[in-house]
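Grab a pencil and work through these short exercises with the structure open beside you. Try each task before you read its solution.

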Amino acid sequence: MTAWTRWCYRHRLVVLLLWVGALVGLGFSASAAGKDYANVFTLPDTDSNRAFELMQKAFPGSAGDTDTVVWKTDSGSVRDASVKARIQPALDEIAKFEGVGGVAGPYTGAQGAAQISRDGRIAYAQVTFDKQAESLPKDLIQKVVDTAQDARRDGLEVELGGQAITRVQEPPQGLSEMVGILAAAVVLFLAFGSFLAMLLPIGIAIFGVGTGMFSVQLLSHTTDIPDLAPLLSSLIGLGVGIDYALFIVTRHRRGIQRGMDPEESAVVALNTSGRAVLFAGGTVCIALAGMLVTNLRFLDGVVIGTALTVVLSVFAATTLLPALLGFLGPRVLSRRQRRRLAEQGPETAQASGPAARWSERVQKRPRTVAAVALVVMAVLALPVLSLRLGAADQGNDDESLTTRKAYDMLADGFGQGFNGPLQVVVSGGDTTALVKDIQSTEGVAQAGALPTRQGVTVVQVIPKTSPQSKETDDLIDTLRDQVIPEAKVQAHVGGATAIYKDFASVTGHRLPYFIATIIGLGFLLLMIAFRSLVVPLTAAVMNLVAAAASFGVLVAVFQWGWGLDLLGLGREGPINAFLPVIMLSLLFGLSMDYQVFLVSRMHEEWVHSKDNARAVRVGLAETSRVINSAALIMVCVFMAFVLSGDPGGAMAGVGLAAAVALDAFILRTALVPAAMHLLGNSNWWLPKGLEKRLPHLAVEPKEEEAGAVPAGTPASVVHGYVRTADGEPVEEAAVILLSKGGRQLDSVTSLADGSYIVSVPGPGSYLLAVTAGTHGLRAQHVIVGEGPLVYDVELTEGEMDAVN
């Protein structure tokens, strides 16, 4: 990546203009083309899918979205003239709107009486649009809502429900993304202490997510992409875009603080952390592609949209970021850091502070740390034993929303099951006998057959229980396994509730294959990268532990209702059936990111020292701070999606925030290093036969590539004098020898006569940084041959010299 990074750094204006042109061009094209998202729930070889196919054959024209206007009187009846005089004109006005196909109310037609509750206090009308909800203009939906609610008066409540109505009560588009970016900016500013450095990861995320979102919108015209895909794409894109840039910028700033020239530091940062970013981005895409194993067509669009956004975020981090680093130069450091570098010279490579102290504590008490971490994760994972998959509906909305109020009013007036009717689609046999059998089935409130069309009869079944309840699931099983076979008819149970149940069942059956696929691919990648069997095995176990604990949190919050009121997320219910596959893909990918950044540093130290305890201690000390900062940013971004207005997005946001927090703060900074201390040198064991057969995939370049020398080369020294421009010796000057990759090899202070001597592992190219208070900093490349190298350094008052 060296040549590529230098080109981007030196041609920074060209790179920036190309990215700005791509963002603006894609944005203009996407705005002109519009959106064409489609939620395609095709479940081959399921009973609900067979029912859907029969319905399409018999009723091919029922394509428009149908929403509901519900009203309730505190006293009297909805049949009263005073109520009718307010409601009917509103319904007539709605029917005249362009885009509304028709309005079926309780005051007209033969079916009207069935739309009034038995006690006469609740009624509803069905508004049928000429398009699906996603294709309807928001101003039309808002006019329908305003017109209906204008009929309200004291004692008369009017609410609306349906998919179209949901669109106008969503928060402004981009609100969750904006809140996530602002929260990430605060964390970055605290981590960097520099406003300009803080802007770098934010900018990379904006370019990556922006181009990704516009591309996904354009792709929606060529393939089926669900409306959940752009939400998840932006959620993941923001997280990985900011995190990947954070890792690279942190490495770059460290290089400058250790005396490197900004361009050389950028090259080294991209050649080390940049490689890890490419590897990490690849693992995220592989994990996402694992969803294709489930053969659920609904998820194909999610894979395409999210993977494309991740790829563009990685591309932005490895092309646009070095260009932006070129614009900033040393200003990527804060003023205080630049002043300290000029006055005190390069920093040492030795980690210090809380991270180093925690790393030493883990090394001293690995059994205690591992035991405590395991207990915490086990307790959090316990709720997963009661996990129930299903689908969130408007009954889970916040109580203040009109959709939730309409849902509750219909449930009060017509029964809990009215909001999720079942459709028994009959293609042959005695329908009359079947209807009687269904009506006598336990759990059925009412059932009735609609007129037969093209040999197909639809029996509408209203359960006594809500669509999300376990009793409704049991009723579907009873109809399929007992009632329909005993009636000797050819029939299938369909409807939204049955589709969601089948979706959950299919997901549950295919989940083990999916988990095996992503764990197996991850194991193989880590084994090739780190030349070890134990490291990938540890990572696989940790990923499963993290998944169990995060789903435990998800069950406690959304299924048991703990903290839902605090988060403003409505009522408890089952976990969305699509969420396990999506969450496991993303959790696996993000966990691999942290594992790669943590273990790559450990592996680098292990290659040099062959001391496992030192490798784990140094790796944890030097990476835990940046991993925790990255995780905190991810948590902020994911939690911001609670504001998205989408129940599925909010559930995914909370689940992923919990998963990332547990993975970074407990697993990667406690359990993984503790386990690696306990395992000792066996962490790096790989059978010799396998070692020869595996291809080589370096996450970070070997130290030889960064300027050091092969092991076993005879040691040498660099020595000389540190003097001023006038020839005066400089006492106590800090002299630091670094590898070309920025790794500190030796450090000394000059004697009274200005002399110094530093040890060199052997022939090669090195970086010699010298500083002494107000005399400034001088950093020079030195090339050492077979013998000692004499190298005198001249310091000038107040000078900060760039690397030659």
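A nonpolar patch here is built from residues with over 30% relative accessible area and no salt bridge, whose nonpolar side chains are joined within 5 Å. Keep in mind that this is a predicted model.

**Exercise 1.** Find the residues that form a nonpolar patch on the surface, then say which elements give two or more residues to the patch.

*Solution.*
- Step 1: Look for V186, F189, L190, F195, L196 and L199, which make up the patch. Together they have about 580 Å² of accessible area.
- Step 2: Helix 7 (175–192) and helix 8 (195–219) each give two or more residues to this patch.
- Step 3: Now pick one member, L190, which sits in helix 7. Its relative accessible area is 67%. Exposed means over 50%, so L190 counts as exposed.

**Exercise 2.** Work out how many disulfides the whole structure has, and why C285 isn't in one.

*Solution.*
- Step 1: Recall that a disulfide is a covalent bond between the sulfur atoms of two cysteines.
- Step 2: Searching the whole structure turns up 0 disulfides.
- Step 3: Check C285. The closest cysteine sulfur belongs to C8 and is 20 Å away. The cut-off is within 2.5 Å, so that's too far for a bond.

**Exercise 3.** Decide whether C285 and C636 are buried, partly exposed or exposed.

*Solution.*
- Step 1: Buried means under 20% relative accessible area. C285 has 17%, so C285 is buried.
- Step 2: C636 has 22%, so C636 is partly exposed.

Terms used:
Residues numbered from 1 in each chain as written. Predicted model: local features only at pLDDT ≥ 70, side-chain atom pairs only at ≥ 80, totals over all residues. Heavy atoms only, no water. Patch = residues over 30% accessible without salt bridge, like charges linked within 9 Å, V, L, I, M, F, W, Y side chains within 5 Å. Areas by Shrake-Rupley, 256 points an atom, 1.4 Å probe, with all protein chains shown as cover. Salt bridge = Lys/Arg side-chain N within 4 Å of Asp/Glu carboxyl O. Helix = DSSP H or I, 4+ residues; strand = E, 2+ residues; numbered from the N terminus. Buried < 20%, exposed > 50% of the residue type's maximum accessible area, 1.4 Å probe, protein only.
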